[in-house]
Amino acid sequence: MKINLKNLVKKYGSKAKILINNPLIANKNIQKAFAILSSKSGEFSLAGVSAVVITFLNLLNDSVHGLYKNISKKAVFLIAIGILYLVNPIDLIPDAIPILGFTDDIAVINLIFKNVEQELNNYTYWRSQLLGFLMKRFEDSKLHFSEFKSNILRENKNYKSHLKELENKINE
């Protein structure tokens, strides 16, 4: 299979539609992708795609759970395809082959990135604004972080990853 969007859509398109419309399936694949990323961080870091994959995963999570809506269906669809390709161990070059096994995954991530770059930039800006908003709310609340976190999660359970990122910033 030659790596191009047409072939990727043909092979992963129907699964991507299911993933986008089913938060449980999305969560499962997002967790798998994070596990792959952490276990193969060297290969992805060398290629400079770690940050892109993390942004893909956060965006997919926020989109599927209805937190981030300012994105085209096409972009979410392409990102879902990229994540599905990443979590599939048997692709163009099987992932079991050390180092070489992820070169095709990196090529797919780069291809998807080129097609959604502006939307990724918009999302990154939105996420930074949201984290700033949550930080201000936390500072104004005068609560211990764990109590603040409980209050926010009661409002919306989908803020979980944002609160983890905020907690990391507070603890730096």
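User: What makes a stretch of the protein chain a helix or a strand here, and how many of each are there?

Analyst: Helices are DSSP runs of H or I with at least four residues, strands are runs of E with at least two, and both are numbered from the N terminus. By that definition the protein chain has eight helices and zero strands. The model is predicted: local features need pLDDT of at least 70 and side-chain atom pairs pLDDT 80 or more, while totals for chains, interfaces and linings use all residues. Residues are numbered from 1 along each chain as its sequence is written, and side-chain values use heavy atoms, with hydrogens and water left out.

User: Why are α6 and α8 called roughly perpendicular?

Analyst: Helix α6 (residues 103–141) and helix α8 (residues 160–171) pack at about 65 degrees, with axes 10 Å apart. Angles of 65 to 115 degrees count as roughly perpendicular, and α6 and α8 are therefore given that description. Their crossing is right-handed.

User: Which residues of α6 and α8 meet?

Analyst: Contact means heavy atoms within 4.5 Å. Among those in α6 are Y123, W126 and F138, which meet a group in α8 including H162, L166 and I170. The residues of this contact divide into ten nonpolar, two polar and three charged.

User: What share of the residues in the protein chain is buried?

Analyst: Buried means under 20% relative accessible area, with a 1.4 Å probe and protein chains only. Buried residues make up 40% of the 172 residues in the protein chain.

Key:
Buried < 20%, exposed > 50% of the residue type's maximum accessible area, 1.4 Å probe, protein only. Axes fitted to C-alpha atoms, helices over the stretch in contact; angles between N-to-C directions. Parallel < 35°, antiparallel > 145°, perpendicular 65-115°, else oblique. Left-handed = near helix turned anticlockwise from the far one by under 90°. Nonpolar A, V, L, I, M, F, W, Y, C, P; charged D, E, K, R; others polar.
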